[in-house]
Amino acid sequence: TTTIAMVDGVTNTCQVSGRITSNLTLTEGNHYALSGAVFVGGDNADSATLTIEPGVVVYGSSGNDYLVVSRGSKIEANGSAASPITFTSSQHVSGGVVDGLANGVAGQWGGLVLLGNGNSTKCPQDGSQCSLQVEGVQEGAVFGGTDDTDNSGTLRYVRVMHGGFEIAPDNELNGITFGAVGSGTTVEYLQVHKNADDGVEFFGGAVNAKYLVLTGIQDDSVDWDNGFKGNMQFVLVK
């Protein structure tokens, strides 16, 4: 990471860019700015874990700024009710994240993408290797496989806000895209707010999700396809 100007004028801000190929922790008390497409690990190679401490704010400034957790890598974003982890836009941060949800509109940055080795009905049925390109992301962001127990980490007390930038007509990023994410992944106490495309979308896989809040979503709040096998419990849509 590199130090950059403070978008809110008070909080130390670090820029994150490129591909993360060794374990990295984003520490409480800082803001982190995504610069372009940031990948955690390679595709089932150079795997790494991105750990995000409670209270951390990660933001993007345009639709080119988004975070992808590759197959074989993990995100450990384990916030708390008092100190959630926030993914949002620079416009929202400059207006003051703690002021509530009013600052910022939909489509101001990209979103969050988790890619796993779980099953998808789009995978080849002849036993050959599965490698499906995920929507809304640059080439090489692929998902799919045979391991529905795959573990992509933890999203707990996380909110994703003001994302879903339209890359091309009818091609926007979801707030959170789950590409064949396995049941070893923990997803709970999660909010997606004011996203220009779907709030959460599951492409195959078997990840379970509970305590989901979807507010102000401009397309589907919850969407699933490709033979998604997971369970969802306690889902509130407004």
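Is F178 buried or exposed? F178 is buried, since its relative accessible area is 1% and anything under 20% falls in that class. Keep in mind that this is a predicted model, so what follows describes a computed structure.

## Stacked rings

Let's stay with F178 for a moment. There are six aromatic pairs in the model, and one of them joins F178 to F202. The two ring centres sit 4.8 Å apart with the planes at 10°, so this pair is stacked. Along the chain the partners are 24 residues apart: F178 belongs to strand β16 (residues 176–179) and F202 to strand β18 (residues 200–203), so the pair links distant parts of the chain. F202 is buried as well, with a relative accessible area of 1%.

Another stacked pair is made by Y211 and F234, whose planes also meet at 10° while the centres are 5.0 Å apart. This one also links distant parts of the chain, with Y211 in strand β19 and F234 in strand β21 (residues 232–237), 23 residues apart. Y211 is partly exposed, at a relative accessible area of 29%, and F234 is partly exposed too, at 48%. These two rings have company: Y157, Y189, Y211 and F234 make up one aromatic cluster.

Here are the residues of the two pairs and their accessibility.

| Residue | Relative accessible area | Class |
|---|---|---|
| F178 | 1% | buried |
| F202 | 1% | buried |
| Y211 | 29% | partly exposed |
| F234 | 48% | partly exposed |

## Strands side by side

Back to β16, the strand that holds F178. β16 runs parallel to β10, and four bridges join them. One of the matched positions is L115, whose bridge partner in β16 is G179. Strand β10 (residues 112–115) also pairs with strand β7 (residues 66–69), again in parallel, through three bridges. There, V69 stands opposite L114 of β10.

Which way do the residues of β10 point? L112 and L114 point one way, V113 and L115 point the other way, and all of them are buried.

Strand β17 (residues 186–193) has a similar story to tell. Six of its eight residues are buried, so β17 is largely enclosed by the rest of the structure. Strand β13 (residues 153–161) runs parallel to β17, with seven bridges between them. β19 (residues 208–215) also pairs with β17 in the parallel sense, over seven bridges. H193 of β17 takes part in both pairings: H193 is the bridge partner of M161, and H193 stands opposite T215 in β19.

## An open pocket and a closed cavity

Where do β13, β17 and β19 turn up again? Each of these strands supplies at least two residues to the lining of the second largest pocket. That pocket has a volume of about 150 Å³. Its lining consists of S80, A81, P84, Y157, V158, R159, Y189, L190, Q191, Y211 and V213. By type, the lining residues divide into eight nonpolar, two polar and one charged. Y157, Y189 and Y211 from the aromatic cluster are among the residues that line the pocket.

How many cavities of 30 Å³ or more are there? The count comes to one. The largest cavity holds about 50 Å³ of space, and V16, I20, L26, L34, V38, L50, V58, L67 and F87 line it. The elements that give two or more residues to this lining are β2 (13–20) and β4 (31–40). What sort of residues are they? The lining of the largest cavity is made of nine nonpolar residues, with no polar and no charged ones.

## The cysteines

The model has one disulfide. C123 and C130 form it, with their sulfur atoms 2.0 Å apart. Its torsion about the S-S bond is about -75°, so the disulfide is left-handed. C123 is buried at 9% relative accessibility, and C130 is buried at 7%. C14 counts as buried too, because its 9% relative accessibility is under the 20% cut-off.

Terms used: Residues are numbered from 1 along each chain as its sequence is written. This is a predicted model: local features need pLDDT of at least 70, side-chain atom pairs count only at pLDDT 80 or more; totals for chains, interfaces and linings use all residues. Side-chain values use heavy atoms; hydrogens and water are left out. A disulfide is a pair of cysteine sulfur atoms within 2.5 Å. Buried means under 20% relative accessible area, exposed over 50%, partly exposed in between (1.4 Å probe, protein chains only). Two strands pair if DSSP finds at least two bridges between them. On a 1 Å grid over the protein atoms alone, a cavity is a set of points where a 1.4 Å probe fits but cannot get out, and a pocket is an open set with protein on both sides within 12 Å along at least five of seven lines; lining residues have an atom within 4 Å of a point. Grid points are joined across faces, edges and corners, and a volume is the space filled by probe spheres set on the points. Ala, Val, Leu, Ile, Met, Phe, Trp, Tyr, Cys and Pro count as nonpolar, Asp, Glu, Lys and Arg as charged, and the others, Gly among them, as polar. Rings of Phe, Tyr and Trp (its six-membered ring) pair if their centres lie within 6.5 Å; planes under 30 degrees apart count as stacked, over 60 as edge-to-face and the rest as tilted.
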